[in-house]
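Please go through the fold of this chain with me, from its elements to its core.

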Amino acid sequence: MPQLKRENMKKVQVNKLGKAFSIFGGKGNVWSGTAHAYKAGYGNLCGTPALSSNHAAMAGITEVGCPQCLESLAAFGVANIETAPDLMQMK
Ligand SMILES: [Zn+2]
């Protein structure tokens, strides 16, 4: 898996990913802006267990900021190319 530089990371609005996706994150994700993309029937895309309370949703976070989740979104081809051009070029 290619190592993405942090400056290349483009956050993705979860509402552009379709109905199967939602935002998920604990308090730490809220603080650091690294909320996960949670896919129905799958879990967090990066494999982080969705065990803690969904503080990201409760805080009204709408941006996926987890680098691993963003990588997975790009790999799945569902990352919005309008908002994540750098990610798409990394493929
Ligand atoms: Zn994640």
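Elements, sheet and core

From the N terminus on, the elements run β-β-α-β-β-α-β-α-α. This is a predicted model, in which local features need pLDDT of at least 70, side-chain atom pairs count only at pLDDT 80 or more, and totals for chains, interfaces and linings use all residues. Residues are numbered from 1 along each chain as its sequence is written.

Q: How many helices and strands are there in the chain?
A: Helices (H or I, at least four residues) and strands (E, at least two) are DSSP runs, numbered from the N terminus. The chain has four helices and five strands.

Q: Why is one side of E2 and of E4 left without a neighbour in the sheet?
A: Two strands pair if DSSP finds at least two bridges between them. The open sheet has the order E2-E3-E4, with antiparallel pairing. E2 and E4 (43-44) are at the edges, so each has a single partner strand.

Q: Which residue in E3 is the bridge partner of Phe21?
A: E2 and E3 run antiparallel and are joined by four bridges. The partner of Phe21 in E3 is Lys39.

Q: Which element gives the largest share of the largest nonpolar core?
A: Such a core is a set of buried Ala, Val, Leu, Ile, Met, Phe, Trp, Tyr and Cys residues joined through C-beta atoms within 7 Å; buried means that 20 or more other C-beta atoms, placed from the backbone, lie within 10 Å of a residue's own. This core has 18 residues, and Ile23 and Leu70 are among those touching the most other members. Strand E2 (21-24), strand E3 (36-39) and helix H3 (67-76) each give two or more residues. The largest share, four residues, comes from H3.

Terms used. Buried ≥ 20, exposed ≤ 12 C-beta atoms within 10 Å, placed from the backbone.
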